[in-house]
Each structure stands twice: as structure tokens, then as C-alpha cells.
Amino acid sequence: MRGRIPDKLTDFRVYNDAQDLLGVADIDLPDFEADSDEIKGAGLAGVLDTPALGQFKSLQVGLNFRTPTDATFTLLAPKVHKLSLYGSIQHFDGVAGEIKEIPCKIYVHGLPKKKSMGKFDSGKKTETKLELELTYIKISLDGEDKLELDKLNYIFMVDGKDYLAAVRVNLGLA
């Protein structure tokens, strides 16, 4: 949108699949690093490290809690956990001269991979941490789906285009 300057995440909340608030936490979102392999040989002036279409290395989401909570233990159960992150992103509208808020929603499905209980220190947060290995992530911004990756069902969508549709057809999945 013309004149809209992205500013900051005003606030967010984290819910589990039952829509229960999980507590006070901050979230480390995953890094998307494509799985790749080198091409080299006749016809190329050097080495080319090309990404495999829709294939990504391990994706993790980290939940950093101030103290241990029920959720920090529930999320350790060896099953896929479905979390919803609902955020509000502040923008400055330069045309209207006002601050506006837009919704950001992130949905993740993941298996528990690591838990750190943190430490006990009087008057301090314990820094309890939990890491989930993602099988699925979807990000919507201002009501529009921007990214969806479903590792188990061969879906990789960016701005509404499914880059693995042909792969599903070729594998007899569609």
C-alpha cells in the first residue's frame, strides 16, 4: 500500500490448538534455508549451488517462557502440536498521517525437539525454552496468505502460487 511504512510488532499472543493462551513468551521464528546441491562441470564457469524446489533444511520455532508453566510441559508430549500466533503490526500511514494496525497470523505444527528448563536465580526469570521441529507453517499478513509450507503434503506456496503442485502431480499425489 502506498505510503505505508512498516514499524513494529505491537503485540502478539500464542495459542495452542484448543485456543488456550499458552502464557507469556517470546518466539524465535524459523530460518528458511533451502536444501541444495552443487552443479559443476562442462558448460559452467564454476560451481553453482542450486536449491531443491520446495525442499528446506530443518525448521525450528523456539518458545522462550519467563518461567516454567503448564504449557512448557504439555508441549513436550511426543506428538505434533499446533500453535497459532496472532499479532498486530504497527504501520505509519504517510498519506493519512496516522498509525494503523494490521493483523499477522502465523500457524505452526511441530514436534518437540528440545527443552531447556533454564535456571533458578532469585528475582530473575528462569528462561525456560522449548524448541519444536516444524512440519508446517503458514503466515498471513493483513488477511492475505503470504507463505505456506507443508513438508508432509508437498505444499510450498508463496503469494498464492503453489510451487510444488507439479511435483504432487508427478508423484501421483494429486
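Here's a walk through the two largest pockets of this predicted model.

Let's start with the general idea. Rolling a probe the size of a water molecule over the atoms reveals where empty space remains.

Now for the largest pocket, which holds about 180 Å³ of space. Its lining is made up of 13 residues, and if you want to centre your view, go to Asp28, Gly62, Asn64, Leu130 and Glu131, the ones closest to the middle of the pocket. Three elements each put two or more residues into this lining: β5 (60-65), β7 (98-116) and β8 (128-141). Of the elements, β5 supplies the largest share, with five residues. As for chemistry, the lining is a mix: five charged residues, four polar and four nonpolar.

Next up is the second largest pocket, with about 160 Å³ of space. You can pick out its walls by selecting Leu9, Phe12, Ile27, Leu29, Leu85, Tyr86, Gly87, Ile89, Cys104 and Ile106. Here the elements giving two or more residues are β1 (4-16), β6 (81-93) and β7. The top contributor is β6, which brings four residues to the lining.

So what does the lining of the second largest pocket look like by residue class, nonpolar, polar or charged? Nine of its residues are nonpolar and one is polar, with no charged residue in the set. Set that beside the largest pocket, where five charged residues sit in the lining. One strand to keep in view for both is β7: it gives two or more residues to the lining of the largest pocket, and it does so for the second largest pocket as well.

Technical notes: Residues numbered from 1 in each chain as written. Predicted model: local features only at pLDDT ≥ 70, side-chain atom pairs only at ≥ 80, totals over all residues. Heavy atoms only, no water. 1 Å grid on protein atoms, 1.4 Å probe; cavity = no way out; pocket = protein on both sides within 12 Å on 5 of 7 lines; lining within 4 Å. Points joined across faces, edges and corners; volume = space filled by probe spheres on them. Nonpolar A, V, L, I, M, F, W, Y, C, P; charged D, E, K, R; others polar.
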